[in-house]
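Dear colleague,

I am passing on the structure we spoke about, together with some notes on helix packing, salt bridges and backbone geometry. Please read the notes with the model open beside them.

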Amino acid sequence: MDWFLLLQTVSAIVLSVIGVLGLIFRKRLGKRKLCLLCLVLLVGIGYNGYRIYDCLWWKRHLAMEAELQFVGDQKIRPEDYPEDFEEICNVVEKHYKLAKRKGIALETLREECRQEVLRAKNNTEYVRVLQKYFAALKNLHSFPMYAPYQAPASAEWRCDSLYVTGSLLALPVRAGDRILSIDGKEASVWRDSMMQYVSASTDKARYKSTASWVFSSYTDSIRRLGLSRGDSVLFVDVPLSRDGKKQVQLHHEVGDQKRQKRDAATHEKKEIRKGKSNLEMLALHDFEESTLTRFLLQFCKARDSRHIILDLTDNTGGWVADAELIAALFLEKPYQGKHLIEPLPQAYKGELYVMINSGTCSAAEYLASILKESGRAVLIGEETAGDFGTMVLTFRTAHGTYFRLGAELPQLTSGGNPTEGVGLVPDDPVKEHFSEPFRETIRRRTIVLILNQVIQKKKKELFLQNT
């Protein structure tokens with residue numbers, strides 16, 4: 001139940017009880033005192049409701065947990081699509097304050113999509129219209145919420161070509177395969193058609209994000225791919241399953257456990273040598289609670305090293321408080337972000353390098369901006385997604401459609417830079433290379449940069465010694 005409605009219901013009950021007691025003891029109170037008491041209570045309840053309603057409304061939609069369902073499982077009939085869509089549009093037009101800034105005519109968009117909604121014959125067609133509607137809002141945090149069919153594999157665009165970057169289990173695709181076609185469409189043609197369904201704030205981020213939908217879909221359970229592998233051209237079917245996402249998460253958990261054991265062994269060797277490490281690499285690919293716990297453990301082992309590389313590539317973000325906690329581990333002086341961030345006593349004092357790309361967004365982008373504006377880190381890679389400054393709310397329609405919306409206008413950073421619609425520009429831009437994953441290209445460039453700085457420092461020291 002809505003907390004505001006609950007509060008008003010309780011207030012009404014209290015008022016009713018007081019009213020009944022007033023009637024019972026009306027002779028003692030008198031009519032004037034009784035009427036005055038009821039009037040004061042009514043005004044008090046009305047004022048209190050008006051004062052706290054906004055706060056309760058925001059808290060409700062900030063904390064709402066979506067019951068993710070597959071498209072085919074949603075209990076909604078075709079005749080209900082127009083009503084469901086109108087409810088969504090009413091919420092968006094009331095709360096999406098970025099529309100004017102982005103030059104989006106919401107009424108026109110509603111009318112254009114309404115015609116497609118009326119033609120939709122099943123949930124698959126209806127959800128595709130919803131994807132198109134939310135993509136037109138040009139905001140990464142605004143999208144319909146459904147459970148995806150997924151395969152445990154990944155892909156990315158390099159030099160305008162699409163490559164498989166990872167493949168788990170017994171899938172017929174391999175890392176390094178070049179994807180020539182998807183569901184009968186040439187890869188670039190498929191990308192151009194898919195861009196109208198992808199939520200993102202910038203065209204570059206939208207273009208890059210299409211790769212994440214090669215092995216994921218709200219509506220399709222299979223992908224037919226044409227591949228180039230060495231001198232061969234293959235055509236394969238890749239199943240997208242309901243538990244594909246769980247398979248990916250399980251793989252990451254197993255990989256994290258292996259990395260933890262490897263890091264522990266490495267740490268033991270360092271303890272034996274009692275030396276100071278020259279370089280440590282810390283990866284932060286999301287802001288899940290388990291990921292943050294592992295990151296903090298890794299940080300404690302790495303904070304005495306001379307150089308740290310913080311990998312934020314493809315980090316889709318999370319809570320702002322988590323980003324500020326990580327920032328406090330690296331800052332040298334207080335930083336006024338969304339809140340005042342004070343450096344922790346155990347904060348890292350060495351050289352910091354942050355890897356970013358177009359998949360770095362939301363709270364991860366906020367973290368990168370803090371480290372850049374404070375002068376604490378060198379950013380290496382490519383421009384970020386440009387979407388980390390809006391309040392994200394979750395809504396549910398009467399027919400059970402969940403969606404998220406980037407509501408409210410974003411604020412500027414402490415440096416006066418916009419936090420929405422403009423990506424962070426790296427200090428050292430890196431170009432894609434078709435022969436290896438872009439993350440590896442960025443990592444290699446970062447290590448080369450560190451080595452060059454170390455060499456220059458050594459040369460300077462030798463020069464001073466000789467003079």
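**Helix α12 and its neighbours**

Helix α12 (residues 320-328) and helix α13 (residues 363-373) have axes that come within 9 Å of each other and cross at roughly 30°, where helices (H or I, at least four residues) and strands (E, at least two) are DSSP runs numbered from the N terminus, and axes are lines fitted to C-alpha atoms, for helices over the stretch in contact, with angles running from 0 to 180 degrees between N-to-C directions. This is a predicted model, in which local features need pLDDT of at least 70 and side-chain atom pairs count only at pLDDT 80 or more, whereas totals for chains, interfaces and linings use all residues. Residues are numbered from 1 along each chain as its sequence is written, and side-chain values use heavy atoms, with hydrogens and water left out.

The two helices α12 and α13 are therefore roughly parallel to each other, a label given to angles under 35 degrees, while angles over 145 count as roughly antiparallel, 65 to 115 as roughly perpendicular and the rest as oblique. The crossing of α12 past α13 is right-handed, the near helix being turned clockwise from the far one by less than a right angle, whereas an anticlockwise turn would make a crossing left-handed. On the α12 side, Val320, Ala323, Glu324, Ile326 and Ala327 meet Ala363, Tyr366, Leu367 and Ile370 of α13, a contact meaning heavy atoms within 4.5 Å. The residues of this contact divide into 8 nonpolar, no polar and 1 charged, counting Ala, Val, Leu, Ile, Met, Phe, Trp, Tyr, Cys and Pro as nonpolar, Asp, Glu, Lys and Arg as charged, and the others, Gly among them, as polar.

Within α12, the buried residues are Asp322, Ala323, Glu324, Ile326, Ala327 and Ala328, where buried means under 20% relative accessible area, exposed over 50% and partly exposed in between (1.4 Å probe, protein chains only). These buried residues of α12 pack against α11 (289-302), β13 (340-341) and α13. Leu325, also found in helix α12, counts as partly exposed at 37% relative accessibility, and its C-alpha is 9.0 Å in space from that of Leu344, with the two residues 19 apart in sequence.

**Helices α4 and α7**

Helix α4 (residues 81-95) packs with α7 at an angle of about 15°, their axes lying 12 Å apart, and the pair is therefore roughly parallel, with α4 passing α7 in a right-handed crossing. The contact is made by Tyr81, Asp84, Phe85, Ile88, Cys89 and Val92 of α4 and by Asn123, Tyr126, Leu130, Tyr133 and Phe134 of α7, and these residues divide into 9 nonpolar, 1 polar and 1 charged.

**Salt bridges**

A search of the whole structure finds 27 salt bridges, each being a side-chain nitrogen of Lys or Arg within 4 Å of a carboxyl oxygen of Asp or Glu. One of them joins Glu116 and Lys132, whose closest N and O atoms are 3.0 Å apart; it links helix α6 (residues 106-119), which holds Glu116, to helix α7 (residues 123-135), which holds Lys132, across 16 residues. Glu116 is partly exposed at 24%, as is Lys132 at 26%.

Another salt bridge, between Asp311 and Arg439, has its closest N and O atoms 3.9 Å apart, and it links strand β11 (residues 307-311) with helix α14 (residues 438-466), the two residues being 128 apart. Here Asp311 is buried at 3% relative accessibility, whereas Arg439 is partly exposed at 31%. The side chains of Arg444 and Glu436 also meet in a salt bridge, at 2.4 Å from N to O. In addition, Glu86, Glu93, Arg110, Glu111 and Arg114 are linked in a network of salt bridges.

**Backbone and overall content**

Most residues other than glycine have a negative phi. Cys159, however, has a positive phi of about 50° and is found in the loop between β3 (153-158) and β4 (161-167), while Asp314, with a positive phi of about 60°, lies in the loop between β11 and α12.

For the chain as a whole, the secondary structure comes to 14 helices and 18 strands, and buried residues make up 44% of the 467 residues. Of the contacts with a separation of 6 or more, 72% are between residues 24 or more positions apart.

With best wishes
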